[in-house]
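Thank you all for making time this morning. I would like to walk you through one model, going from how some of its helices pack to what lies around its ligand, and I will try to keep to what the coordinates themselves show.

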Amino acid sequence: ARCSTPTPVARVSQYACQRRTTTENNNKILTDAFEVLAESYELNQLEGPCLAFRRAASVLKSLPWAVQCLGATQGLPCLGEHTKALIEEILQYGHSFEVEKILSDERYQTLKLFTSVFGVGPKTAEKWYRRGLRSFSDILAEPSIQLNRMQQSGFLHYGDISRAVSKAEARALGNIIDEAVHAITPDGILALTGGFRRGKEFGHDVDFIVTTPEQGKEETLLPNIIDRLKEQGILLYSDYQTSTFDISKLPSHKFEAMDHFAKCFLILRLEGSLVDRGLNSTEGDSRGWRAVRVDLVSPPMERYAYALLGWTGSRQFERDLRRFARLEQHMLLDNHALYDKTKKEFLAATTERDIFAHLGLEYIEPWQRNA
Ligand code: CTP
Ligand code: MN
Ligand code: MN
Ligand code: MN
């Protein structure tokens, strides 16, 4: 098929942090396919090919036009032979045989089902699969399986927390957390982060940064918030991790490693009319609440900008910020700090703009970070 290649735009960078990616995706058919492959590799714990497909998807997400022929992808970074063959197949037939095969694969389906439970990662899912377990009832009926507290809550609230959280629900939770923070410390600071800060309409959870300008006071902030939510009767689950932050440590180059700020992973009970009860009608309940996943992270104020940048995402954007820092600037970036290896010094920042400037990057707005 012939098709005109779009008028050459500026070169597309191989780094997501040098691209502007809104929530509008002009190549969803292609990126959905790439993400199935990425997911499949991830479930099989093959990091390299998984990342390759995530990068390819991310490049196509940034395009202001839809790819309509293979020729149009000429000059785009991060597209290998495999991705190009997929693009060609999907453009021609509307779907990919390889993707369909994965989607109907029992192992893929089962691992995806198991990892959809809060607290279950690829390793646990794999272990259960190898023991012949194929469904939730298989797992729950297996006496030798000891679910941890997180997984128990994951199963208990499965229906609610696997349902997308809306912007309105995120706003309502913001009000609850905001009220708690300010009741504890009037000068407390609350910021929405994660996918909702990037302008997404729906999320799998709601992420907030909470802190206070008073040095050291952020350490007690989360335990106090948790106590308050408990008193209000809306705390369904809480996993609190104290800070292990060490200012002298160099930034970690390993992206998947957790940061060292105090944080908590919560499940909250959200009351009120915002809840879409239509989807629950088969359960025949008219309860006016739903369970929602909420993440809170509490960095010291002087690290606020780094924490905000690190928790705003997307994951692909974060990966590429770090990769860009390391490979292009000889710097180390993580959620806590930026270290210049040439000057052998840490670079302070009070805003995200400061960090982009340190990195020699044009500022990218949060809603342009949906890489
Ligand atoms: N993050 C992190 N350390 C963690 C958990 C999350 O640095 N322990 C960062 C991730 O890199 C991501 C951001 O926090 O950029 C938000 O993570 P998450 O809530 O998983 O993803 P979202 O982008 O918010 O997407 P969703 O709408 O699915 O929640
Ligand atoms: Mn999130
Ligand atoms: Mn997540
Ligand atoms: Mn989160």
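Let me start with helix α1, residues 28-43, and helix α2, residues 47-61, which in this predicted model pack at an angle of about 160°, with their axes 8 Å apart. Since an angle over 145 degrees counts as roughly antiparallel, α1 and α2 are therefore roughly antiparallel to each other. As for the sense of the crossing, α1 passes α2 in a left-handed manner. If you would like to find this contact on the screen, the α1 side is made by Leu30, Thr31, Phe34, Glu35, Leu37, Ala38, Glu39, Tyr41 and Glu42, while α2 contributes Pro49, Cys50, Phe53, Arg54, Ala56, Ala57, Leu60 and Lys61. Sorted by class, the contact of α1 with α2 has 11 nonpolar residues, together with five charged ones and one polar one.

Now, α2 also packs against helix α14, residues 315-329, and here the angle is about 105°, with the axes 11 Å apart. Because angles of 65 to 115 degrees count as roughly perpendicular, α2 is roughly perpendicular to α14. Which residues meet in this contact of α2 with α14? From α2 we have Leu51, Arg54, Arg55 and Ser58, and from α14 they are met by Gln316, Arg319, Asp320 and Arg323. By class, the contact of α2 with α14 has five charged residues, two polar ones and one nonpolar one. Arg54 of α2 is listed in the contact with α1 and is listed again in the contact with α14.

Let me turn to the ligand. Ligand 1 is surrounded by 16 residues, of which the closest are Gly195, Arg198, Lys200, His204 and Asp205. Where side chains approach oxygen atoms of ligand 1, a polar side-chain atom of lysine 200 lies 2.9 Å from one such oxygen, and for aspartate 207 the corresponding distance to an oxygen atom of the ligand is 3.0 Å. Arginine 315 also places a polar side-chain atom 3.4 Å from an oxygen atom of ligand 1, and residue 315 falls within the range given for α14.

Finally, a word on arginine 149, which is found in helix α8, residues 149-156. Leaving aside residues up to four places away in sequence, arginine 149 touches Tyr237, Ser238 and Asp239. Its C-alpha atom is separated by 41 Å from that of leucine 86, which is 63 residues away along the chain.

Definitions and conventions. Residues numbered from 1 in each chain as written. Chains lettered and ligands numbered in written order. Predicted model: local features only at pLDDT ≥ 70, side-chain atom pairs only at ≥ 80, totals over all residues. Heavy atoms only, no water. Axes fitted to C-alpha atoms, helices over the stretch in contact; angles between N-to-C directions. Helix = DSSP H or I, 4+ residues; strand = E, 2+ residues; numbered from the N terminus. Parallel < 35°, antiparallel > 145°, perpendicular 65-115°, else oblique. Left-handed = near helix turned anticlockwise from the far one by under 90°. Contact = heavy atoms within 4.5 Å. Nonpolar A, V, L, I, M, F, W, Y, C, P; charged D, E, K, R; others polar. Near = heavy atom within 4 Å. Polar contact = N/O pair within 3.5 Å; in protein donor to acceptor, adjacent residues only side chain to side chain.
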